[in-house]
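Colleague: I'm new to reading these models and would like to look closely at one small part. Could you walk me through it slowly, and then show me what lies around it?

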Number of protein chains: 6
Amino acid sequence: MKISARNVFEGEIENVEVGAVMANVKIKIESPELITAIITKESVEKLDLKKGDTVSAIIKSTEIIVGKE
Amino acid sequence: MKISARNVFEGEIENVEVGAVMANVKIKIESPELITAIITKESVEKLDLKKGDTVSAIIKSTEIIVGKE
Amino acid sequence: MKISARNVFEGEIENVEVGAVMANVKIKIESPELITAIITKESVEKLDLKKGDTVSAIIKSTEIIVGKE
Amino acid sequence: MKISARNVFEGEIENVEVGAVMANVKIKIESPELITAIITKESVEKLDLKKGDTVSAIIKSTEIIVGKE
Amino acid sequence: MKISARNVFEGEIENVEVGAVMANVKIKIESPELITAIITKESVEKLDLKKGDTVSAIIKSTEIIVGKE
Amino acid sequence: MKISARNVFEGEIENVEVGAVMANVKIKIESPELITAIITKESVEKLDLKKGDTVSAIIKSTEIIVGKE
């Protein structure tokens with residue numbers, strides 16, 4: 001299945017910590033990746049984002065889906 | 001500022017494409033990273049996730065925040 | 001109250017499992033529904049999405065809000 | 001690939017509307033489904049959610065990923 | 001309808017900017033509010049979060065649903 | 001660091017409740033704020049949203065990131 005999510009990174013699980021309802025999974029990504037971020041035009045202008053800028057991609061851990069073959 | 005988001009990846013912007021309201025930003029991550037994913041205990045059991053498994057971290061591009069110094 | 005969220009599905013709770021902070025709620029949807037998904041133009045092109053295609057709508061359980069009259 | 005997202009609904013695309021950066025995709029789900037929602041224990045208590053309650057599952061359209069075989 | 005979302009803030013629309021698919025809506029909140037954030041235990045420990053700390057609540061604009069009576 | 005997230009509200013932590021994996025953090029926002037919401041054009045039309053309307057901004061608590069200097 002191909003999916004619309006633009007960011008799919010392969011890696012190896014380093015740790016799984018399980019609670020009553022939720023779990024915390026650590027995945028070691030094997031290689032550098034290209035990340036696609038959709039943000040507002042307003043943010044591009046306020047932060048003056050342009051090719052070559054050094055930036056951070058910030059992702060809350062609850063937003064990540066895990067896939068396994 | 002330190003933030004609660006467990007995933008903060010540094011990289012360089014490769015491309016910015018701007019629409020009327022939204023924009024698509026491509027960021028090249030410079031090095032492999034450890035990703036933290038919070039998923040249900042139910043998923044850990046159904047996918048039988050454990051240390052050493054090869055998995056994918058899947059992230060929709062609308063979930064990514066961009067930071068710049 | 002009318003809300004901007006395009007997807008509001010009625011159903012009956014089948015199960016509630018409560019942890020220390022979070023809870024897992026199962027809801028049986030009573031009838032087929034039309035789902036609205038906002039994705040990138042890039043994904044529409046890469047997956048060649050068009051009217052009549054058989055697809056899956058994938059939703060992480062942390063993204064769902066529950067409403068009750 | 002099996003994925004941790006608890007909600008995967010099959011359906012047929014009814015319409016695709018493409019903008020400069022984003023697109024709006026309508027998917028007709030073919031059969032009733034069981035939805036898994038992760039919410040706070042606090043909400044379960046404040047809304048007094050229990051088996052048999054009639055509720056709504058509310059999902060913002062930006063949270064939905066589309067998959068295609 | 002009561003909803004599980006813990007954060008519902010009343011306000012007045014200051015501006016609406018409409019694109020091809022998406023729109024940017026500015027809402028002026030009328031009074032200070034109590035925000036509920038669900039984060040990892042790991043983040044509470046790494047940031048040493050405790051009663052009385054001055055912090056910021058950071059919310060991406062795509063995560064906000066608008067309701068109107 | 002400046003971030004693309006349009007909503008950054010300062011406040012004081014009123015309470016922290018920690019579970020096995022997740023935690024619930026209450027933050028008292030000190031002053032009224034302008035909220036930016038990105039929704040579909042379709043929702044703007046269906047709810048007839050315009051300057052001066054009284055509306056609610058609805059945010060699920062799992063979507064909030066906490067920052068601390």
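Colleague: Take strand E6 (residues 65-68) of chain D: which residues lie on one side and which on the other, and are they buried or exposed?

Modeller: Happy to, but keep in mind that this is a predicted model. Let's start with the strand itself. On one side of E6(D) you'll find Ile65(D) and Gly67(D), and on the other Val66(D) and Lys68(D). These residues are all buried, so both faces of the strand are covered.

Now look along the edges of E6(D). Strand E1 (residues 2-3) of chain A pairs with E6(D) in the antiparallel sense, over 2 bridges. To find that pairing on your screen, pick Lys2(A), whose bridge partner in E6(D) is Lys68(D). You've just met Lys68(D) as one of the buried residues. There is another pairing to find, with strand E5 (residues 54-59) of chain C, which is also antiparallel and has 3 bridges. Here the residue to click on is Ile58(C), and its bridge partner is Ile65(D).

Step back a little and the whole sheet comes into view. E6(D) belongs to an open sheet of 6 strands, in the order E1(A)-E6(D)-E5(C)-E2(D)-E3(D)-E4(C), and the pairing is antiparallel. Notice that the list mixes strands from chains A, C and D. At the edges are E1 of chain A and strand E4 (34-40) of chain C, each of which pairs on one side only. Further along the sheet, strand E2 (residues 7-18) and strand E3 (residues 22-29), both of chain D, run antiparallel and are joined by 7 bridges. One of the pairs to look for there is Val18(D) with its bridge partner Ala23(D) in E3(D).

Next, find the strand called E6 in chain B. E6(B) sits in an open, antiparallel sheet of 6 strands, ordered E4(A)-E3(B)-E2(B)-E5(A)-E6(B)-E1(F). Strand E4 (34-40) of chain A and strand E1 (2-3) of chain F stand at the edges with a single partner strand each, so one side of each has no neighbour in the sheet. Strand E5 (residues 54-59) of chain A runs antiparallel to E6(B), with 3 bridges between them. You can check this at Ser56(A), whose bridge partner in E6(B) is Gly67(B). Over at E4(A), 7 bridges join that strand to strand E3 (residues 22-29) of chain B, again antiparallel. Ile38(A) is a handy marker there, with Asn24(B) as its bridge partner.

Since that sheet takes strands from chains A and B, let's see how these chains meet. In all, 59 residues of chain B are in contact with 59 residues of chain A. Together the chains bury about 6400 Å², with 61% of it on carbon and sulfur atoms. On the chain B side, Ile38(B), Ile58(B) and Lys68(B) lose the most area to chain A, together 12% of what that side buries.

What about charged and polar links? There are 2 salt bridges between chain B and chain A. The side chains of Asp53(B) and Lys68(A) meet in a salt bridge, at 2.9 Å from N to O. Across the interface, 36 residue pairs are in polar contact. E2(B) gives the most to the side of chain B that touches chain A, with 10 residues. The residues of that side divide into 30 nonpolar, 13 polar and 16 charged.

Terms used
Residues are numbered from 1 along each chain as its sequence is written. Chains are lettered from A and ligands numbered from 1 in the order in which they are written. This is a predicted model: local features need pLDDT of at least 70, side-chain atom pairs count only at pLDDT 80 or more; totals for chains, interfaces and linings use all residues. Side-chain values use heavy atoms; hydrogens and water are left out. Buried means under 20% relative accessible area, exposed over 50%, partly exposed in between (1.4 Å probe, protein chains only). Helices (H or I, at least four residues) and strands (E, at least two) are DSSP runs, numbered from the N terminus. Two strands pair if DSSP finds at least two bridges between them. Contact means heavy atoms within 4.5 Å. Buried area is the accessible area (1.4 Å probe) that two parts lose on being put together, summed over both. A salt bridge is a side-chain nitrogen of Lys or Arg within 4 Å of a carboxyl oxygen of Asp or Glu. A polar contact is a pair of N or O atoms within 3.5 Å; within protein, one must be able to donate a hydrogen and the other to accept it, and residues adjacent in sequence count only if both atoms are side-chain atoms. Ala, Val, Leu, Ile, Met, Phe, Trp, Tyr, Cys and Pro count as nonpolar, Asp, Glu, Lys and Arg as charged, and the others, Gly among them, as polar.
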